[in-house]
There are 2 protein chains.
Amino acid sequence: MSAAVDGCVQPTGPGLPGTESRALVVQKFGGSSLATPDHVRRVACRIAQDRAAGRRLVIVVSAMGDATDELLESLRVLNPRAPAREVDMLLATGEQVSIALLASALWALGCPAVSLTGWQAGVRTDRVHRKAQIAAMQPSRVLRELEAGRVVIVAGFQGLSPDGEITTLGRGGSDTTAVALAAALGADECEIYSDVDGVYTADPRVVRSARRISIISYDEMMEMAHLGAQVLQIRAVECALVNDVTIIARSTFTAGPGTRITEVGAVEDHSLARAVAHDRHVARLALCGVPDRPGVAHRLFAALAHQHINVDMIIQSQSRNGKNDIAFTVGSDELPHAEETARGVGRELGAEAVLAEDGYGKVSLIGAGMASNPGVAAGMFAALADAGVNIEMISTSEIKISCLLRREVVDTAVRAVHDAFNLGRESPLPGSTRAGGAVSAQGRG
Amino acid sequence: MSAAVDGCVQPTGPGLPGTESRALVVQKFGGSSLATPDHVRRVACRIAQDRAAGRRLVIVVSAMGDATDELLESLRVLNPRAPAREVDMLLATGEQVSIALLASALWALGCPAVSLTGWQAGVRTDRVHRKAQIAAMQPSRVLRELEAGRVVIVAGFQGLSPDGEITTLGRGGSDTTAVALAAALGADECEIYSDVDGVYTADPRVVRSARRISIISYDEMMEMAHLGAQVLQIRAVECALVNDVTIIARSTFTAGPGTRITEVGAVEDHSLARAVAHDRHVARLALCGVPDRPGVAHRLFAALAHQHINVDMIIQSQSRNGKNDIAFTVGSDELPHAEETARGVGRELGAEAVLAEDGYGKVSLIGAGMASNPGVAAGMFAALADAGVNIEMISTSEIKISCLLRREVVDTAVRAVHDAFNLGRESPLPGSTRAGGAVSAQGRG
């Protein structure tokens, strides 16, 4: 796809001069960038070029293409409720295959490389299988290999528990591995490669005028990741914020500059509205006529949390006749489980009715400092009203306004809000609520 | 295939009484026993039954079916000369998939199990990638899991070097892992499961009257493994001999008693001829007219060894006119490489000609103590002459006589020798050179 990738440059061999002064960069390549041996070769070319250009490189990779899904499928046949420890033992092989193949592909280009599993790279985690948290990084081996002039290829998504068990980090784990390594190594940058070339003001499949954002703050990016952006996992952005690591989201297949995610002060563009994110898979539940007394909401949401159900928007109505209505939303895939839990709590509390309905979507406008400017919310509601879109629920935070809508009007709503705030426009008018130097996330499609 | 495998018994749960007094058995299952999820389930049933019968079990497994070949094929596409270290990194995933799936399948049957990689199981090796030797076993984790009442599933074929690198043990590595674990744990037995139900007096596909041998000595088994038997790898038998571990070769798919490989004293049957082994893939090379002076043979065979080419039979002719002929055999797959090496040495030494020809086979008669009884060799040559088979080269050892033949007469030769020594007969006549309580190996087909 790109001349920069295909025109492969031979690196100049081990022991390039002036190792210490050369930029140290962590790069992460996801499964879609490594789907086939041909993909692996193209990634290797890109890496070899970067090394030839004088950078010291640590590469973090995911499992190839659908490898993880295929492993899970063979397991499901044998034991759909296999212990999490054994699932981790199985899944960790996916990244181990990737690192060995990528390191070998680099050697084929004359580029010295060494692959390291999570435990060899010093990724130490807690004991929670399938969603372990990184507890510490001990990158002495990584540093030794860098000093020897090699490109270091690290298996993402995996680590070692204090008991010597292989753990996996759960969804977005490889992004988190990359950011944690960048922090531990004091890397100059952490580049996250995927099949999109950055963060957009809206999903380009929905909004034709959507524009790539060149720079965005950690807070805004976290909100966007939370609201359905697929470019970066929220855990990785949190990890970057805490450790002050600059992330660059770029495309594996094109040579563009991507989107830089960094601290707020570095974002020159202080316009309020930055991007529109959307999520098409939202379900709504409500407990109607529950007693208006302390502890009722706690009872409901503690039960949902206990079942590991993520609740998003919550609205509690004004009390009338000593009774309340509590409505909330969950991801569509969690509806059956959430409904069962809500009905149980509803019976206990003597609720008059429990409603559960799929078929919703959520459209969010994101931008740092929006909360202090009421004009932004008003502008969003006006845009939706003009487009004939009915708002079912509203939720706000410091840096976003989210509206729950019927699923079938999500596209209309995204376009209306993107247009109303001029997010596709290249040069924003600073200080104006109607003209944002835009930034946004791809929705879940 | 077998009622014993299909009629699956539920184990009686963790913490069976009297743990210490229960037999400790190491069992190894090869790739063909684990070719599909259905195979894995059947192996799991067999293991769960054995545990329910009161045995403490450590299971060593290979990669599933063709998994290793598939991994090597993806690697070949990217880099046919990948570093051995990266090949090991890649191949080790094959067994890791097997252990996780098998442990999960056991849990599905209610049988507590835990999978361990080579490094978790304490398999410590030297630094030689792709054909590492086991340097030490540190099975403390295995013992801890056994004490907790679990079936321990260990990835065969792999270990950890002193530098913390993943190594693989090379051909037959999983058998060796099993025997080394049995030795380190002081196990009562080491059972090696495959798709054949033991060691035979000859390949049953060639000789219809071939008979399963119930007991055979380490020495005889090593000679047979060396001569082409596929049931057990020679390294594993050597390891068993050194550590005094009794091996039982059994079938995964049937319930027979298999063949017991143990120390000589335990073999009741002292007949001379035990089995006929054959190998169809032999090539012959000769350096003709080389100077008859010290160091010539050394020069040739050192060069071949340096190229890691295994030489089998060697014949040096009587000197005439200060010149010698040196002929030797190698595996057919090593012929191109061996010929190149031989021609190089031939030029250096001023050889008159270098001959290289594929299309040979080898038939061997095996039995402890044969060397001291000249009647055995005479009987073998007579049988071959009666069958019209021409002998091209002969080599002998303490416990075997091997004849090089044209490939197309191998089957005829195997049948003639097997018949002449009555190896298919159940009860041997002790002391007779013509009636052996037979024992033999499957050839390479």
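A short chat about a sheet and a helix pair in chain B follows.

Trainee: What kind of model is this?

Mentor: A predicted model, where local features need pLDDT of at least 70, side-chain atom pairs count only at pLDDT 80 or more, and totals for chains, interfaces and linings use all residues. Residues are numbered from 1 along each chain as its sequence is written, while chains are lettered from A and ligands numbered from 1 in the order in which they are written.

Trainee: Which order do the strands of the open sheet in chain B take?

Mentor: The eight strands run β3-β6-β2-β1-β9-β11-β12-β10 (chain B), with mixed pairing. Strands (E, at least two residues) and helices (H or I, at least four) are DSSP runs, numbered from the N terminus. Two strands pair if DSSP finds at least two bridges between them.

Trainee: Which strands stand at the edges?

Mentor: β3 (113-116) and β10 (215-217) of chain B; each has a single partner strand, so one side of each is left without a neighbour in the sheet.

Trainee: Now the helices. At what angle do α9 and α10 of chain B pack?

Mentor: Helix α9 (residues 296-306) of chain B and helix α10 (residues 335-349) of chain B pack at about 150°, axes 9 Å apart. Axes are lines fitted to C-alpha atoms, for helices over the stretch in contact, and angles run from 0 to 180 degrees between N-to-C directions.

Trainee: Which residues meet there?

Mentor: From α9(B), B:V296, B:R299, B:L300, B:A303 and B:L304; from α10(B), B:A338, B:T341, B:V345 and B:L349. Contact means C-beta atoms, placed from the backbone, within 7 Å.

Methods: Two residues are in contact if their C-beta atoms, placed from the backbone, lie within 7 Å.
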